[in-house]
Amino acid sequence: MERFLFVLGSNWQLSLAELDNYLNYSQNRGKIIDYSANIAIVEFENLHQDKQYINKLMEIQFILGGCQKIAEIYDFIDINTIQDAFPVQINKYRFVEKTREKILSIIGNLIIGKKGIFPKVYESMFYAVSIYPNLYDDNYYSDILVKHFLPFLNKEIMEILKQKGAVKALYYQYPEKNIKKGNLNPIFPHHIIKYELLKENRAEIIFGFTEEGVYIARTFTTDDPNFKKKIDEERPYKEFKSAISPKLALIMLNFLNIFVNREKKKILDPFIGNGTIGLFAILQDFQIYGSDIDKKKVKNTIRNIYWLLGLLEEEIPPFIDKSVLNHDAKNLSDVFEPYFFDGICTEPDLGPFYIKKPYYTQVKELIERNLEPLYDKFFREAYQILKPNCRLCFISPVISTIDGKDIQVNIEKLASKNNFILIPLLDLTRINNKSNQKLKFRRQHIKTLIDAKKGQITKRRLYVLEKK
Ligand SMILES: C[S@@+](CC[C@H](N)C(=O)[O-])C[C@H]1O[C@@H](n2cnc3c(N)ncnc32)[C@H](O)[C@@H]1O
């Protein structure tokens, strides 16, 4: 079976959960057979048999919010062989040399050929080696892989290409100071575009580590972060304090589990703000509806939608102005028909934007007086306007207080009261769990996942709820 390597987004648990959900419920069925904090190894049921499979991979890349790159795997070397060839301390020099030769012969066989990383020899060739470790804070990565394995690969692959007939073979040079420090990030998606690494005579060659070993792969498609950034940052109206990231918006849309006929599916964001979820839903072909209690936000979102449709050179759908309303989410059933929506995806009022950590009592009062009653009434309304068995993707705040405690709304209780079932974000029966504590998934941890930057006072917790 052909295998593919997916480079995960910075929130690797959420990215892995999104990918597993996609492989379980989309038309491109498959399974994650191995993973680390940076990569997932995927086996598809049929996708690789399709002649156009690269196009399909590009579609998958476009849909997923938490995937940076997709690469095709050419071979695998087990972790013992790598550690024998690149030990922390060299005792048996001859043995190390012999094992390195073994690794070289594996790489030599897969670099060029009809089924190789490069289909044939070109006069001029260029490649970038990217090493994705099991975990970035692993000493083996900083001390051995960056300082010894990377230079070894760069030099030896160049030799192989020249021996096979390339007149000029060059590789991407990472900054020397990062290599010396052992602190290195593999090249970013925008570099792949800049260095044209998807062309036939150029390549990004990924060495992706898990606990089991290293997968050797070639990147075939990559995220276009500049395009997402443009939508997020250049839209006429924005407010970064209260807006979710494009990545999270896409991940939420995917947890609605709607992967076919998206253009026929009606999606609602009833706390639409300046429209991040709405704009990315349009990009993903959904029919978008929205509402907000703030008149100005409604106007802003409509202007942002016009701007996006202009950018995409798409026709303005009729009644677009009427699909974003100035309305209270506590009374949605007054303006929307029962069983109207195929999905609801939203980030509601999360409380004030705190610059300093608030007191525990302050947040407790905010939750009891404002957030809980708001979410409760919204869930009641959402139940009425959603179609049966359809999903609601919801963000709820986790607020860090000055007293050292994190407080949150009991969403599970509110959801169950309003006839929603909480769907765990990751199906543990589909994943081969890991022995490393940092990589292991525990049952209680996969019901919901947090998206936050370091030190953020209000963190976002993602819930997926299904109408009973
Ligand atoms: C956190 S913001 C959403 C931001 C949005 N995701 C974005 O990207 O711009 C929450 C929004 O909920 C709106 N809101 C607060 N209470 C509401 C209510 N009862 N009904 C509808 N909207 C409400 C606010 O006006 C605000 O625009």
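In which sense do β2 and strand β3 pair, and over how many bridges? They pair in the antiparallel sense, over five bridges. The legends below take this pairing as a starting point and then move through other parts of the model, which is a predicted one.

**View 1. β2 meets strand β3 (residues 39-44) in an antiparallel pairing.** Five bridges hold the register between β2 and β3. To find your place, look for Y35, which stands opposite A40 in β3. β2 itself covers residues 30-35.

**View 2. Eight strands build an open sheet with mixed pairing.** Reading across the sheet, the order is β2-β3-β1-β4-β8-β7-β5-β6. Which strands stand at the edges? They are β2 and β6 (168-171), and each has a single partner strand, so one side of each is left without a neighbour in the sheet. From one strand to the next, the twist averages 35°.

**View 3. β1 (3-8) has β3 and β4 as antiparallel partners.** Towards β3, five bridges join the two strands, and R3 stands opposite E43. Towards β4, five bridges again make the link, and here L5 is the residue to look for, opposite A71. Is β1 enclosed or open to its surroundings? Five of its six residues are buried, so β1 is largely enclosed by the rest of the structure.

**View 4. Helices α1 and α4 lie across strands of the sheet.** Helix α1 lies across β1, β2, β3 and β4 (67-78), and runs at about 150° to β2. Helix α4 (residues 93-111) lies across β4 and β8 (213-222); its direction is at about 125° to β4. β4 therefore appears in both lists, as a strand crossed by α1 and by α4.

**View 5. Domain 1 touches domain 2, with α1 giving the most to the domain 1 side.** The domain assignment of the protein chain places domain 1 at 3-223 and domain 2 at 230-467. Their centres, taken over C-alpha atoms, are 34 Å apart. Domain 1 brings 26 residues to the contact and domain 2 brings 25. On the domain 1 side, the elements that give two or more residues are α1 (12-25) and β2 (30-35). How many residues does α1 give? It gives ten. Sorted by class, this side of domain 1 has eleven nonpolar, ten polar and five charged residues. If you have just come from View 2, β2 will be familiar as a strand at the edge of the sheet.

**View 6. Helix α9 (residues 246-254) crosses helix α10 (residues 276-283).** A pair of packed helices is described by the angle between their axes and the distance between the axes. Here the axes come within 9 Å and cross at roughly 65°, and the crossing is right-handed. From α9, the contact is made by P246, A249, L250, M252 and L253; α10 answers with T276, I277, F280 and A281. By class, these residues divide into eight nonpolar, one polar and no charged.

**View 7. α9 is mostly covered, with nine of its nine residues buried.** The buried residues of this helix include those that meet α10, such as P246, A249, L250, M252 and L253. K247, L248, I251 and N254 are buried as well.

Methods. Residues are numbered from 1 along each chain as its sequence is written. This is a predicted model: local features need pLDDT of at least 70, side-chain atom pairs count only at pLDDT 80 or more; totals for chains, interfaces and linings use all residues. Domain bounds come from an automatic or database domain assignment. Two residues are in contact if their C-beta atoms, placed from the backbone, lie within 7 Å. Helices (H or I, at least four residues) and strands (E, at least two) are DSSP runs, numbered from the N terminus. Ala, Val, Leu, Ile, Met, Phe, Trp, Tyr, Cys and Pro count as nonpolar, Asp, Glu, Lys and Arg as charged, and the others, Gly among them, as polar. Two strands pair if DSSP finds at least two bridges between them. Axes are lines fitted to C-alpha atoms, for helices over the stretch in contact, and angles run from 0 to 180 degrees between N-to-C directions. A crossing is left-handed if the near helix is turned anticlockwise from the far one by less than a right angle, and right-handed if clockwise. A residue is buried if 20 or more other C-beta atoms lie within 10 Å of its own, exposed if 12 or fewer, and partly exposed in between; C-beta atoms are placed from the backbone.
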